[in-house]
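User: Got a model here I'd like to talk through. Can you take me around it?
Analyst: Sure, pull it up and we'll start.

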Amino acid sequence: MKMMQTQCPFCSVQCKITLNYKEAEALPSTLLPSVSQTDCRYTNWQAEGTPNAASQGRICVKGINAHQHAMNRERLVFPLIRRNGTLVKATWTEALDRISSHFQSAARQYGPDSIGVYGGGSLTNETAYLLGKFARIGLKTRYIDYNGRFCMSAAASAGSKVFGLDRGMTCRLEDIPLANCIILAGTNIAECQPTLLPYFNEARANGAQIIVIDPRKTATAAIADLHLQIRPGTDAILALALLHLIIENGWVDESFIHNRTNGYDDLTSLLNGIDTEQVAEQCGIPAEQIRQAASWYGQAQTGIIFTARGVEQQTDGHLAVRYLINLVLATGKIGRPGCGYGAITGQGNGQGGREHGQKADQLPGYRSIENPEDRQYIASVWQVDPDEIPSKGVSAYEMMELADRQEIRTLFVMGSNPVVSNPNIPLVRSALEQLDMLVVADMFLSETARMADIVLPVTSYLENTGTLTNLEGRVLLREAAAPAPGETKDDWRILCELAVRLDRGHYFDYREVEDIFDELRLASRGGTADYYGITYDRLRREEGVYWPCPTPEHHGMPLMFAERFAHEDGRALFTGIAHHAVRPQRSPEYPLCLTNGRVLSHYLTGVQTRRSAALAARELENYVEIHPLTARQHHLQDGEWTEIQSAHGRFFVRCRISDQIRPDTLFVPMHWGGTQNVNEATSPELDPYCKMPGFKVTAVSIRPVHAGIVQMQAQPSVSI
Ligand SMILES: Nc1nc2c(c(=O)[nH]1)N[C@H]1C(S)=C(S)[C@@H](COP(=O)(O)OP(=O)(O)OC[C@H]3O[C@@H](n4cnc5c(=O)[nH]c(N)nc54)[C@H](O)[C@@H]3O)O[C@H]1N2
Ligand SMILES: Nc1nc2c(c(=O)[nH]1)N[C@H]1C(S)=C(S)[C@@H](COP(=O)(O)OP(=O)(O)OC[C@H]3O[C@@H](n4cnc5c(=O)[nH]c(N)nc54)[C@H](O)[C@@H]3O)O[C@H]1N2
Ligand code: SF4
Ligand SMILES: [Mo]
C-alpha cells in the first residue's frame, strides 16, 4: 500500500487528503531512544491536500497530522471489560453478550427508558441514522441525544424556525468573495476552519468590509476592517441595536420584506426602547462602532452573516441567532449570489449528524418524532407499527441529570467524551459513576471510556466507509483506505450485532454500509433534508452532492432560497420575540466572565489530537488567557498556576498574559479533561428554546495557587 485517499476526520470543511507512503530514513536509535518501531509507523506517511471544491486542495495542520492518531499504538484493538474494578481484555462475544443481556434485564426491571444512548457529530450519516433506529427500535427507549446539542442546536433550531429548514450555510463558499460586507459573529475561522480563510481574504481583496464580533483579538479578527470586541453574552442586544439603526436609516429592502417574509410588524415592539448608547455600554464597546457596522452591512449590495459557537453557546443563543438573521431578512440579503446566512458547522459530520435521527425529538430526514405523519412514514420504512416508535426524549445534558437521579441507569456512548465536554462536570461525573452500566465505543481510552464497564474498539476514519455532510450541506463519500487494526469493528456493525442479540436483527439486516445509506435515502425522502437522489455511485462520480436532492436526476441545491423559503407559504419569518438576559451575571464574589473555545492544533476534548505527536507538541497543557491589567489586579504572573472557581466547580490552569482579550474576560481552551477542564466550572444553565448550555458565559474568580496543590484526579484503574 503506497497511497491512501481519505478525508480529514476533524472539522466541518471535510478536506480531502492523500496520504503517501515514504520509506523512512533509518533514525539513529540514540536520537529517539524512547520511540519504538510501532510509534514510527506514522512517520512513513505524509499527507497532502487533494483538490476538492470546499478547501480547494488546502489542508491545515490538523489534517496534515491526523493520521498520526489513527496509527497511534494507543488505539484500542480489542474489547475491554471491567473485572474487579479493572478494565481487562475480553472477546467480542463476551462483551456483546454482556451488553445485550444487561440491556434486556434493565428493560425488564426498570423499563426501556432506563437506557440512554449518546451519539456524536463525528459519526458518519449511516452510523448516526442507525444509532437513532437502534435506540428506538432496538432498545425501544426514547432517550437518545448527541454531542451536537452542545454544538449546532441554537443555530439549527433558529434556521428551522426562520427559514423552515436548517442547512448551516444557505449559500456556497464561492459566494464569500462576492459579498460586499461580511459579519463574523463569534466564529474564529482562522483557527477552526483554517482552510476557508482564503475565501475571506479574496473577499477583502475584492473590497469587502469584514466585521468581526469577538471578545478577543483572534487570528480571525486580524483580517477585520472593524472588530467589535464585545463583552461575552451581549450579541443578542447588539443585533437588536444594529437592526434598529438599519430600520431608522431606511436601509431596509421593502419589496423583499413585502414579498418574501412574515412578521416584520412584530419588530416594532421588539425594538421599542433600544438605544445605541445604552447597548454600547452593555456590550462594552464604543457606540460609534455599532453605527459603523450598521451602516456598512445596511448599505452593502451583497453580504453574508456567519455565526458560530461564540454567539450560539449562550442561554439566549437561539434568539441571538434569530436577531442576527433579522438583519439578513430586513436587508433582503439572501437567496442571491454573494448573500446569505451561515452557521459555521463544527464537527466533521456536524451537519449530517443532526439530520437523521440521533436527536431527542427527531426522525430521519429532519422529521419530527411528534408529528403523526412523520412517525407513520418512518414506521413504514422501518416496517414497524408507528406506536412502536417511542416519543421524544430529552437533551444531552438533561440525560445526565436523569442519570444523576438514577432514572437513566444504563448509558451507551458512541462517538463522544461527555465527561469532558458537558457543562457542570461535577454533576456529570457523579451521574456516570452511579450508572449500573456504562458502555463506550471509541478508538481510544478517553476520559469517559476510563469510567466505562465495557469499552468497544472501533475503526477510525482511515478504515471505515461512510458519508459525511460538510458545512455547505454537501454530502461526501469517505471510503475505507486501510484495513481495520486488531479486532476493531465499524460502529454500524456493532449496532447490528447487538440488535441480533436483542432479537431485533431482522430490522438491522445490512450486508454493507451502502445498504444503510440506501435505507437512509428512503427514510429521508420527502423530508426537509432529502437525500433520496444521492447514491454512492453518484458520490463517486461527482464531487459530492448538496441536499436537498429529491431525485437521482436532481443536481442538489447549492444556493438556497432563491425563490422561496421552506415554510409552507414560502416565506421567511422575522423574530419579534422579546429578549431574555444571559445568565449568570458577574458578582463581587465571581467578578470575571469566563469564556472558552478552541486553539488551532487541538480538536474538541483532545482525545485524538493529543495522540498525534506533532499536534500534541504544539500545546502541551491548558491555560487561561488573561489581560495584563486583570493579571496584575489578581497578583498573577505569566506562566503561574491559577485556580479558577465558579458557583459550580473549579479547575487549575497556567496563566497566559495577553493584551488580546478584554480585561473583564478570561478565555480557556476546551481541549483538556481532568483538573484542567474548563467544564469543571461552566454553568449548566440551558437555553429554553434549544437546550444549548450557556458554555460561553460563566461568572468566576481567579487566584494564584502553588503547583503542589494541582494534583491529577485519581482515575479508575486500567490494565490492558
Ligand atoms: N482547531 C479546532 N478547530 C475546530 C474545533 C476544534 O476543537 N479545534 N472544533 C470544531 C467544532 S466541533 C466546532 S463547534 C467549531 C467551533 O468553532 P468556533 O465557534 O469558531 O470556535 P470557538 O473557539 O468555540 O468560539 C469562537 C469564538 O467565539 C468567541 N466568543 C466567546 N464568547 C463570545 C461571545 O459572547 N460573543 C461572541 N461574539 N464571541 C464569543 C471566542 O473568543 C472564540 O474566538 O470548530 C470546529 N473546528
Ligand atoms: N466549555 C466548552 N465545552 C464544549 C464546547 C465549548 O466550546 N466550550 N464545545 C462543545 C462542542 S461544539 C462540541 S462539538 C462538543 C464535543 O464534545 P465530544 O463529543 O465529547 O468531543 P470529542 O473530543 O470529539 O469526543 C469524541 C470521542 O469519540 C471518539 N470518536 C471519534 N470518531 C469516532 C467514531 O467514528 N466512532 C466512535 N465510536 N468514536 C469516535 C473520539 O476518540 C473521542 O473520544 O463539546 C462541547 N463542549
Ligand atoms: S481540520 Fe478542518 S480545515 Fe483542517 S484539514 Fe481537517 S477538515 Fe480541513
Ligand atoms: Mo462543535
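**Helix, sheet and ligand**

Analyst: This is a predicted model. Start with helix H4, residues 92–110: H4 lies across strands S4, S6, S16, S17 and S18. The helix runs at about 130° to S18.

User: What order do the strands of that open sheet come in?
Analyst: The order is S5-S4-S18-S17-S16-S6-S7, so to speak left to right on paper, with mixed pairing across 7 strands.

User: Which are the edge strands?
Analyst: S5 (86–89) and S7 (144–146). Each of them pairs on one side only. From one strand to the next, the twist averages 20°.

User: In what sense do S4 and S18 pair, parallel or antiparallel?
Analyst: Antiparallel, over 2 bridges. S4 covers residues 80–83 and S18 covers 454–457.

User: What stands opposite Ile-81?
Analyst: Ile-454, in S18.

User: Switching to ligand 2. Which residues come nearest?
Analyst: Asn-147, Ser-421, Asp-442, Asn-596 and Thr-605, out of 29 residues around the ligand.

User: How does that shell divide into nonpolar, polar and charged?
Analyst: There are 12 nonpolar, 13 polar and 4 charged residues.

User: Which polar side-chain atoms lie by an oxygen atom of ligand 2?
Analyst: One belongs to Ser-421, at 2.6 Å from a ligand oxygen. Another belongs to Gln-313, at 3.0 Å from a ligand oxygen.

User: And what lies 2.9 Å from a nitrogen atom of the ligand?
Analyst: A backbone N or O atom of Ala-441.

User: How much of ligand 2 does the protein bury?
Analyst: 97% of the 920 Å² that the ligand exposes when taken alone.

Definitions and conventions:
Residues are numbered from 1 along each chain as its sequence is written. Chains are lettered from A and ligands numbered from 1 in the order in which they are written. This is a predicted model: local features need pLDDT of at least 70, side-chain atom pairs count only at pLDDT 80 or more; totals for chains, interfaces and linings use all residues. Side-chain values use heavy atoms; hydrogens and water are left out. Two strands pair if DSSP finds at least two bridges between them. Helices (H or I, at least four residues) and strands (E, at least two) are DSSP runs, numbered from the N terminus. Axes are lines fitted to C-alpha atoms, for helices over the stretch in contact, and angles run from 0 to 180 degrees between N-to-C directions. Contact means heavy atoms within 4.5 Å. A residue is near a molecule or strand if one of its heavy atoms lies within 4 Å of it. A polar contact is a pair of N or O atoms within 3.5 Å; within protein, one must be able to donate a hydrogen and the other to accept it, and residues adjacent in sequence count only if both atoms are side-chain atoms. Accessible areas come from the Shrake-Rupley method with a 1.4 Å probe; for residues, only the protein chains shown count as cover. Ala, Val, Leu, Ile, Met, Phe, Trp, Tyr, Cys and Pro count as nonpolar, Asp, Glu, Lys and Arg as charged, and the others, Gly among them, as polar.
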